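Open the model in your viewer and set it to cartoon. This tour moves from the overall fold to single side chains, one selection at a time.

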Amino acid sequence: AEYMGNSGVSFLFANYRRSAWWYEGAVGLRRVAIVAICSLLPQGSALIAPLVSLVAGLAVLCAAQTTPFAASSVLLAELAGLCGLGISSFTLALLKSEQVSTSVVSQLSGVFIVVNANTLALYLIGIVWP
């Protein structure tokens, strides 16, 4: 960003609007929260997927309300990635459930693949066509 000049950390803020200098810190906190949830809760805990989905949902609300990015394509890619994270963690939790029928598992697998493919496509479009 222009207000950081040639600072050694200016690359961290280059995609953000001037008033959203704090957003990279929020992204870091989101990552720490997800790692803490996945690391501190016992493996296979039923709380992991809902908590990760909650963190992703809160991050979507924060990004949508503050629109921290200078380019709308970057915001769209961020929102798609966060929605993909929430949907994927919920889908994986359902896939691990033994109470789900085979047809539901195949549908959920399809949802998982489509959501992640669309997220990847949006990121690539954002890189190629900012």
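Helices here are DSSP runs of H or I with at least four residues, strands are runs of E with at least two, and both are numbered from the N terminus. Keep in mind that this is a predicted model.

**Stop 1: the whole chain.** Colour by secondary structure. The protein chain has 5 helices and 0 strands. Follow the sequence and the pattern reads α-α-α-α-α. Now colour by accessibility. Of the chain's 130 residues, 28% count as buried.

**Stop 2: the salt bridge.** How many salt bridges does the structure hold? The count is 1. Select Glu78 and Arg30 and show their side chains. They meet in that salt bridge, at 3.1 Å from N to O. Glu78 sits in helix α4 and Arg30 in helix α2 (residues 23-40), so the pair ties together parts 48 residues apart in sequence. Are these two side chains buried or exposed? Buried means under 20% relative accessible area. Glu78 has 12%, so Glu78 is buried. Arg30 has 14%, so Arg30 is buried too.

**Stop 3: the largest pocket.** Switch on a surface. The largest pocket holds about 370 Å³ of space. Its lining counts 14 residues. Which of them lie nearest the pocket centre? Select Ser45, Ile48, Ala49, Ala93 and Lys96. Two elements, α3 and α4 (72-96), give two or more residues each to this lining. Of the elements, α4 gives the most, with 5 residues.

**Stop 4: the leucine patch.** Stay on the surface and select Leu47, Leu51, Leu54, Leu58 and Leu61. Together they form a nonpolar surface patch with about 470 Å² of accessible area. Zoom in on Leu61, which lies in helix α3 (residues 48-66). Is Leu61 buried or exposed? The cut-off for exposed is over 50% relative accessible area. Leu61 reaches 54%, so Leu61 counts as exposed.

**Stop 5: two cysteines.** Step along to Cys62. Its relative accessible area is 26%, which makes Cys62 partly exposed. Then select Cys38. At 44% relative accessibility, Cys38 is also partly exposed. How many disulfides does the structure hold? The number is 0.

**Stop 6: the loop after α3.** Select Thr67, in the loop between α3 and α4. Check the backbone here. What is unusual for a residue that is not a glycine? Thr67 has a positive phi, about 35°. The side is neither fully covered nor fully open: at 33% relative accessibility, Thr67 counts as partly exposed.

**Stop 7: a leucine in α5.** Finish with Leu108, in helix α5 (residues 102-128). Leu108 has 14% relative accessibility, below the 20% cut-off, so Leu108 counts as buried. Now add Leu95 and draw a C-alpha to C-alpha distance. How far apart are Leu108 and Leu95 in space? The distance is 7.2 Å, and 13 residues separate them in sequence.

**Looking back.** For a last view, hide everything but three selections. Keep Glu78 and Arg30, the salt-bridge pair. Keep the patch of Leu47, Leu51, Leu54, Leu58 and Leu61. Keep Ser45, Ile48, Ala49, Ala93 and Lys96, nearest the centre of the largest pocket.

Key: Residues are numbered from 1 along each chain as its sequence is written. This is a predicted model: local features need pLDDT of at least 70, side-chain atom pairs count only at pLDDT 80 or more; totals for chains, interfaces and linings use all residues. Side-chain values use heavy atoms; hydrogens and water are left out. Patches are made of residues with over 30% relative accessible area and no salt bridge: like charges are joined within 9 Å, nonpolar side chains (Val, Leu, Ile, Met, Phe, Trp, Tyr) within 5 Å. Accessible areas come from the Shrake-Rupley method with a 1.4 Å probe; for residues, only the protein chains shown count as cover. A salt bridge is a side-chain nitrogen of Lys or Arg within 4 Å of a carboxyl oxygen of Asp or Glu. Buried means under 20% relative accessible area, exposed over 50%, partly exposed in between (1.4 Å probe, protein chains only). A disulfide is a pair of cysteine sulfur atoms within 2.5 Å. On a 1 Å grid over the protein atoms alone, a cavity is a set of points where a 1.4 Å probe fits but cannot get out, and a pocket is an open set with protein on both sides within 12 Å along at least five of seven lines; lining residues have an atom within 4 Å of a point. Grid points are joined across faces, edges and corners, and a volume is the space filled by probe spheres set on the points.
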